[in-house]
Every structure is written in C-alpha cells, then in structure tokens.
Amino acid sequence: MYNPAFMAQAIAQSRRALSEPGTEPFGAVVVKDGEIVGWGVNRSRLHFDPTSHGETEAIRDACRRLECTDLSGAHLYSSCEPCALCVATIHVVGITKVFYAGSLETSNAALSGVARSIRRRGDVKALRADAGAPVANGSIPAEAFPSAEAEDILREWARMMGG
C-alpha cells in the first residue's frame, strides 16, 4: 500500500542534488516490513559510475544493511520512474512493488536544457526496447564466442553451492 511519507523521503533524497556536488536529482528508498532499509541518491558524476542511480544506490544500501541479495517483499519509492537499468536491478533483487513520482518523459523534459557534458541524454523508448532484448538483438553490436571453460566454471560454482 502506498505511503506518502516514504515518497517524501525519496523526494528528500533527490533534493540533495541541489546542495550536494556530484549528485543528480533522482532519489529513492527501499521499504521492507514498514521500515526504510535503504536510501539512495544518484551519484553517477561523483563516483564516475553510470550505474549509480538513486534506485540502485537505495538497493545497494538495503542489501548491505540486511546482508542479503534478495529483497522479496520490499517496495521501492522513487522520485522518478525507474529507467531500464533500475528496472532490471529491481527484478534481480525481487522488489515487489514500485511507487514513483515523475515519469521518465517528465524528467527528460525538465532536464532537456542541461549540457550533455553534465548529463547524457537518451531515447527512453529505445532504451526500454534495447534493454529487454537479448544483447545480440539490440542496437549495440555483439558477438558470442562460446567457451567450454567459461561454462565449466559456471557448473563448478553451481556444484560448490549445492546445485
């Protein structure tokens, strides 16, 4: 169930970009069992890390705090609609529901005047289509070079983990 207090916290995280150098105005919190267990703000420019989005930072924080990689049953509140990278991360950790304030289209329009040297722009529709496609079918050229050794390592690790 939606809780406006949690959304207020996600928006408060995004507000940090107004005074904290190297951040961008995308904030998020992860909520599990009625408590915030992870906080995040976009730090891509600060850390030179294009994956440091508010949602991924909140998920990383929650996983560290809970010492897990499974956030099944958790909810994510975000100041903006999560991008394809964040949606993939949300799926990987098993977050159950996402609440967001602004759409990607709205944020892109609001940030359209920001110089490309500060913030790279992308085509939201193309990103969504490409991110869901197998890498070989996407817009970035990719080739497979099958390796028995790489597959053996996967099987060995699975065996070690009891699989």
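The expected span of a helix is 1.5 Å times one less than its number of residues. The exercises below apply to a predicted model.

**Exercise 1.** Work out what span helix H7 should have and how its end C-alpha atoms compare with that value, and then determine how many of its residues are buried.

*Solution.* Helix H7 runs over residues 148-160 and holds 13 residues, so that at 1.5 Å a residue it should span 18 Å. The end C-alpha atoms of H7 are 18 Å apart, which agrees with the expected value. Turning to accessibility, the number of buried residues among the 13 of H7 is zero, so the helix lies largely in the open. At the start of H7, a side-chain oxygen of serine 147 comes to within 3.3 Å of the backbone nitrogen of glutamate 149, while just after the helix glycine 162 adopts a positive phi of about 90 degrees.

**Exercise 2.** Decide whether histidine 53 is buried or exposed, and describe its surroundings.

*Solution.* Begin with the location: histidine 53 sits in the loop that links helix H2 (44-47) and helix H3 (54-66). Its relative accessibility is 19%, and because buried means under 20%, histidine 53 counts as buried. Next, consider polar contacts, where the side chain of histidine 53 reaches the backbone oxygen of proline 50 at 3.0 Å. Leaving aside residues up to four places away in sequence, histidine 53 touches Val41, Asn42, Ser44, Cys83, Leu85 and Cys86.

For contrast, take arginine 15, which belongs to helix H1 (residues 4-15) and which, at 54% relative accessibility, counts as exposed. Arginine 15 and histidine 53 are 38 residues apart along the chain, and their C-alpha atoms are separated by 14 Å.

**Exercise 3.** Establish which strands stand at the edges of the four-stranded sheet, and where helix H3 packs.

*Solution.* The sheet is open, its four strands follow the order E2-E1-E3-E4, and the pairing is mixed. Strand E2 (35-42) and strand E4 (97-102) each have a single partner strand, so one side of each is left without a neighbour in the sheet, and these are the edge strands. From one strand to the next, the twist averages 15 degrees. Strand E3 (residues 75-80) pairs with E4 in the parallel sense over five bridges, and cysteine 80 has glycine 102 in E4 as its bridge partner. Helix H3 packs on this sheet, touching strand E1 (24-32), E2 and E3, and its direction makes about 140 degrees with that of E2.

Key: Residues numbered from 1 in each chain as written. Predicted model: local features only at pLDDT ≥ 70, side-chain atom pairs only at ≥ 80, totals over all residues. Heavy atoms only, no water. Helix = DSSP H or I, 4+ residues; strand = E, 2+ residues; numbered from the N terminus. Buried < 20%, exposed > 50% of the residue type's maximum accessible area, 1.4 Å probe, protein only. Polar contact = N/O pair within 3.5 Å; in protein donor to acceptor, adjacent residues only side chain to side chain. Contact = heavy atoms within 4.5 Å. Pairing = 2+ DSSP bridges. Axes fitted to C-alpha atoms, helices over the stretch in contact; angles between N-to-C directions.
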